[in-house]
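Me: Could you walk me through the cysteines in this protein? I'd like to know how they pair up.

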Amino acid sequence: MDGCAIVGYGILHSHIESKYDIDLYAFVSPEAKRMQPILRELGYTVLERAVPVKVEELVNPTYREKAPTSGCCGLRELLKLEALTLTQYRKVLCLDMDSLPTQPLDELWDLDKPIIHTRDGHEREFLQGGFIMFQPDLKAYKALLHVIRMGDFRYDGSGWEGSRIGFNYGGETIQGVVPFFFQKKMPTNSSLIVDMCVYNNMGDSDRCKAMEPTKVVTQKPGILYQAVAGLKKPLPDGQKRERVAMAITVADDGPQ
């Protein structure tokens, strides 16, 4: 629960001087009943959503066996795809609950890209699931779920549909199928990979550990930690702030 409070506080207060206003969302599985009123008290709009793909819907038997234990969270990680359904926003940022935004992300909010994400510090993963900025798109959401249900993931090392994308940690779900979809199923240049050490600093490489703290925009709280606070400043006359969203996912209530 502390993580929900920290990431929400961080994204709001890091955008005090931003031209964007942030709305907080939490996609919560039906199993996480105890968390829902607490999240609302923290300022989140709580949307109860089931994992969008069920195990029994997976066509490929090998994938059906292995995907539920992929990465940290198996198929529950697919709750992050619900960000694509928030079509009332132009942009939605999915952050893990152990993230701490410390500076505004205006330079990324401004961009017209269907997806913006990082890799891991060692670039072993095509996408690191702790920082994903989507342009909501119901057509892309449905097409992506179809790819997952077909489950054409190849365990000979070639990953999704033999593309050489996704044969890595968590690759059967978010950290493989998302970069595969946006690189191979969407128009050219739909995705943008930004610097992990700046936008999703986990301290998992020497370069990220050595990054000047003032250059880090989003980090894990234990890595560098910078506190931010203050009040929203008015924009120049005639300018209005655009509302964008930050979303987290909560798969269960955690330890009782």
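Here are some questions and answers about its cysteines.

Reply: Happy to help! This is a predicted model, where local features need pLDDT of at least 70 and side-chain atom pairs count only at pLDDT 80 or more, while totals for chains, interfaces and linings use all residues. Residues are numbered from 1 along each chain as its sequence is written, and side-chain values use heavy atoms, leaving out hydrogens and water.

Me: How many disulfides are found in the whole structure?

Reply: A disulfide here is a pair of cysteine sulfur atoms within 2.5 Å. C72 and C73 form one, with sulfur atoms 2.4 Å apart. C197 and C208 form another, at 2.0 Å. A search of the whole structure gives a total of two.

Me: Are C197 and C208 buried or exposed?

Reply: C197 sits in helix α7 (residues 196–199) and C208 in helix α8 (residues 206–209); helices are DSSP runs of H or I, at least four residues, numbered from the N terminus. Buried means under 20% relative accessible area, exposed over 50%, and partly exposed in between, using a 1.4 Å probe and protein chains only. By that scale, both C197 and C208 are buried.

Me: What is the handedness of the disulfide of C72 and C73?

Reply: C72 is exposed at 52% relative accessible area, and C73 is partly exposed at 26%. The torsion about their S-S bond is about -95 degrees, so this disulfide is left-handed.

Me: Which cysteine has the sulfur closest to that of C4?

Reply: C4 is buried, at 1% relative accessibility. Its closest cysteine sulfur is 13 Å away, too far for a bond, and belongs to C73.

Technical notes: Helix = DSSP H or I, 4+ residues; strand = E, 2+ residues; numbered from the N terminus.
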